[in-house]
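The following exercises treat the fold of one chain and its charged side chains. Please attempt each task before reading its solution.

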Amino acid sequence: MRAHLLPMYRTSARRRAGIIGLLVVTLAGSTPGVGQTDDVVPRVALAAGMGVNLHNAQDIVALINNSGVVSRRVDEFKSGVEFFGSVSVPLSTEWVVKLEYAHLIASYLEGTSFGSAEFSYFVAMPTLIGQYVLHSERMYNFKVGVGGGYHFGAYSQRYSLVDGKYTSTGVGTLIELEANTALGENVFAHLGTQVRWDFVGDLKNASGNSPGGSFVTSLHFFSIGARLGVAVYL
């Protein structure tokens, strides 16, 4: 009797194995992250926010420290505040072009024998950035980018009877890392870090004079910064 049932048992076992295999394949094909990932459709994004950076404007630091009016030497690196806005347009699933405008503000308020002295500057930084998408899911994405633009700067110094205003222009470049994580269906928290090299040229006033007289002063700077904002995907 056992010999008679053995072929039937083997056939039944093969059927059970076949059914289990079919179920595994079906589940793998229908579960995100197992055997496949959800397709992410590239979308246009608008972002805005603010950030902080640590930057070194060497000529400005040298100008202040050599002015002969400040009571102490200022540090080589200075913290600054940035406000930014951007629009990102996908070229493919892997490449994005981003147009960004950022506005850097920084100032020194120092004591002198004549009272307080204020040295301040800002840089307007429109920048075109090419980004590569490192990873993208429906709920988050990571990008790395390189960019450059033509930037505009202004510097002012006020102490005693001195009240001067100076401007300059030049090229700026950056490398950035960007991350976006979903707060809702279309709204994302925008986080980023940037390293900048700006070569904003020699400062001149309306008469063509430098703030340091014979000492040529530029608004070149190097910075490392972090930012936080909100991105809306259209």
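**Buried charges in a barrel**

Glu176 counts as buried, at 5% relative accessibility (buried is under 20% relative accessible area, exposed over 50%, partly exposed in between, with a 1.4 Å probe and protein chains only). The model is predicted, so local features need pLDDT of at least 70 and side-chain atom pairs pLDDT 80 or more, while totals for chains, interfaces and linings use all residues. Residues are numbered from 1 along each chain as its sequence is written, and side-chain values use heavy atoms, with hydrogens and water left out.

**Exercise 1.** Determine how many helices and strands the chain has, and in which order the strands close into a barrel.

*Solution.* Step 1: the chain has 2 helices and 8 strands (DSSP runs numbered from the N terminus: H or I of at least four residues for helices, E of at least two for strands). Step 2: along the sequence they follow the pattern α-β-α-β-β-β-β-β-β-β. Step 3: the 8 strands close into a barrel in the order β1-β2-β3-β4-β5-β6-β7-β8, with antiparallel pairing (two strands pair if DSSP finds at least two bridges between them).

**Exercise 2.** Describe how β3 pairs with β4, and β4 with β5.

*Solution.* Step 1: strand β3 (residues 95-112) is joined to strand β4 (residues 115-136) by 18 bridges, and Leu99 stands opposite Leu128 in β4. Step 2: these two strands form a hairpin with 2 residues between them. Step 3: β4 and β5 pair in the antiparallel sense over 15 bridges, and a hairpin joins them through 3 residues.

**Exercise 3.** Identify the salt-bridge partner of Glu176 and state whether that partner is buried or exposed.

*Solution.* Step 1: the side chain of Glu176 meets that of Lys98 in a salt bridge at 3.1 Å, N to O (a side-chain nitrogen of Lys or Arg within 4 Å of a carboxyl oxygen of Asp or Glu). Step 2: Glu176 lies in strand β6 and Lys98 in strand β3, so the pair ties together parts 78 residues apart in sequence. Step 3: Lys98 counts as buried, at 2% relative accessibility.

**Exercise 4.** Locate the salt bridge of Arg227 and name the network that contains it.

*Solution.* Step 1: Arg227 and Glu100 meet through their side chains at 2.7 Å, N to O. Step 2: Arg227 is in strand β8 (residues 221-233) and Glu100 in strand β3, 127 residues apart. Step 3: Arg227 is buried at 8% relative accessible area, and Glu100 is buried at 2%. Step 4: salt bridges that share partners join Glu82, Lys98, Glu100, Lys143, Glu176, Glu178, Arg196 and Arg227 into one network.
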